[in-house]
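User: Please take a close look at a single part of this model and describe its surroundings. After that, set out how the domains meet.

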Amino acid sequence: MAAESANPKTRRLRALLDPARLDFIMEAHNGLSARIAEEAGFRALWASGLSISAALGVRDNNEASWTQVLEVAEFMADATTVPILIDGDTGFGNFNNFRRVVRKLEQRGIAGVCIEDKVFPKTNSFLRGQAQPLADVDEFCGKLHAGKAAQTDPDFVIVARTEALIAGWGQAEAIRRAEAYRRAGADAIVVHSAQSRPDEILAFLDEWAGRHPVILIPTKYHTTPTEVFAVRKVSALIWANHLMRAALGAMQATAARIYRERSVTGVEETVAPLREVFRLQGDEELRLAEEKFLAAAPRRSAVILAATRGGPALHALTGQVPKTLLRVGGRSLLDRLCDNLQALDVRDIAVVAGYRKETIARPGVVRVDNDRWAETGEAASLALAAERLAGPCLVGFGDLLCRRHILQALLDDPADLVIAADRSIRRDAGDAPRARDVVKLSAGPAPAFLDAEITATAAAFTADTAAFDAEWTGLLKCSGQGAQWLREALAQTMAKPGAEALGLTDVLAALLAAGRPIKVHLVSGDWTTIENALDLAEASNL
Ligand code: SPV
Ligand code: MG
């Protein structure tokens, strides 16, 4: 007797052949149905040729190639811990093809194969059964010998199935063939029947007298009580196609109803909830693995401040929507910003909304409401989203239009706090400064084409731009540490008298006052903010 296998699946399938206990092998036809069958309690699975080909939309006539069937069986094996007995049809060729099949099945984690004594290409036994030719007994025995010689796992199971009864060759021929296959090394015998009564099967079992393990497929004689087979020491019953047939009926009814009702609402409560789909797919395992293995790559987030309507110069355009929904080139400022952020792998985006907040509804973007937008400033809006300031995080204004490279440069910068500022301060046609927020740089403006060593030394809103070196774009990037500092500075700022009206430059000033260096990434154009209709018209030049 060969040594026991190290493979628990083949060991369990071999143990299941024990005639002392009747066991059940459940059909499955893909990874999902295999997992469902295992969860129901089945200790082994039948990779049915009929069900797999039906699920693939082809006939059970070897229309799917054996490697295509093997691909399906591999998904089933990956999805489960119980052994799979695969329907090997006629062995997919002669002894030589079957040898290769056995080796490949072992490699793909399949515990056993059942082959039937018909000729390639076979037809399902319940179709024109009497007309189907049987294999030559000696040729089939050679195939069994070759398969047994090819297996490397001592517990891999090869089952021989005779179709003698279905083909109308009678009891004696069924016994003769089963005995020949036993002698050729088959680990168990399947004797198949297409009759609705079990008489010919029971007659076979009586004459066979337990000389070797027997497996039955009671698809047609299904009303026979299971106990009848148990007392006759049948090793296992294969429930051969019932998950495929159950799915088929459910799909037909569901498709018809959805078509009829022109809506999916009616079926919503009869179909499986999505959370059950995700559970069966094993999403929980992936979530835990992500926690374990993705820790080094924190998620990038962004908070966009977009609570205001914009100044009176924009009121003609913002009667129905907040400023951030003004369109440039057919797309809103908010969509443009979010598209760019998402393209840069920023997954968690929150928008602080106030004026006409209900119009801000972008899938995948969280809305944080500032219902007191009319009386409060930027710092108050950001404070409402304070708990979202974590990890690499970008803060910006909803009326910003900028090219993606500016956002990318900030996100890629490892400094804890980085702002983007433009060396040239915006002026209007009459040369009057029209910058919103300005910063003073540690290195002064003139030679400062590169930003490596430049930090901000002051940040303020002022009409006196002469005292400052650059205009702040309104973009701030924080590392995890920077986000913590920002939350602290925000809390300090909001504790000040009159805090409700304060802006983000006040928060930047609080950061600087607390000794937190703010790196300045210098840009030259490629961004703008929208203050009036002319800005909007010119913005499409960007
Ligand atoms: C199968 O499930 O593909 C079988 C069993 O071979 S039967 O359909 O009864 O032939
Ligand atoms: Mg089959």
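Analyst: The side chains of Ser 193 and Glu 200 are joined by a polar contact of 2.6 Å. The model is a predicted one, and the distances here are computed from its atoms. A second polar partner lies in the backbone: the nitrogen of Gln 195 is 3.1 Å from a polar atom of the Ser 193 side chain. Ser 193 belongs to the loop that runs between strand β6 (188–191) and helix α8 (199–208). Glu 200 is also among the residues that Ser 193 touches once neighbours up to four places away in sequence are set aside; the others are Phe 126, Ile 166, Ile 201, Lys 220 and Tyr 221. Ser 193 counts as buried because its relative accessibility is 0%, against a cut-off of under 20%. Leu 165 is 28 residues from Ser 193 along the chain, and the two C-alpha atoms are 6.0 Å apart.

Now the domains. The chain is divided into domain 1 (14–242), domain 2 (249–282) and domain 3 (297–541), and Ser 193 lies within the bounds of domain 1. Between domain 1 and domain 2, the C-alpha centres are separated by 33 Å. The contact between these two involves 4 residues of domain 1 and 4 residues of domain 2. The size of an interface is often expressed as the accessible area lost when the parts come together. For domain 1 and domain 2 that area is about 310 Å², with 52% of it on carbon and sulfur atoms. On the domain 1 side, the residues that lose the most area to domain 2 are Leu 32, Arg 35 and Glu 39, which together make up 88% of what that side buries.

Glu 39 also takes part in a salt bridge, with Arg 279 as its partner and 2.9 Å between the closest N and O atoms. The rule finds 1 salt bridge across the interface of domain 1 and domain 2, along with 2 residue pairs in polar contact, both at pLDDT 80 or more. The side of domain 1 that touches domain 2 is made up of 2 nonpolar and 2 charged residues, with no polar ones.

Within domain 2, Met 251 can be set beside Ser 193. Met 251 sits in helix α10 (residues 242–261) and counts as exposed because its relative accessibility is 58%, the cut-off being over 50%. Val 271 is 20 residues from Met 251 in sequence, with 9.6 Å between their C-alpha atoms.

Notes
Residues are numbered from 1 along each chain as its sequence is written. Chains are lettered from A and ligands numbered from 1 in the order in which they are written. This is a predicted model: local features need pLDDT of at least 70, side-chain atom pairs count only at pLDDT 80 or more; totals for chains, interfaces and linings use all residues. Side-chain values use heavy atoms; hydrogens and water are left out. Helices (H or I, at least four residues) and strands (E, at least two) are DSSP runs, numbered from the N terminus. Buried means under 20% relative accessible area, exposed over 50%, partly exposed in between (1.4 Å probe, protein chains only). Contact means heavy atoms within 4.5 Å. A polar contact is a pair of N or O atoms within 3.5 Å; within protein, one must be able to donate a hydrogen and the other to accept it, and residues adjacent in sequence count only if both atoms are side-chain atoms. Domain bounds come from an automatic or database domain assignment. Buried area is the accessible area (1.4 Å probe) that two parts lose on being put together, summed over both. A salt bridge is a side-chain nitrogen of Lys or Arg within 4 Å of a carboxyl oxygen of Asp or Glu. Ala, Val, Leu, Ile, Met, Phe, Trp, Tyr, Cys and Pro count as nonpolar, Asp, Glu, Lys and Arg as charged, and the others, Gly among them, as polar.
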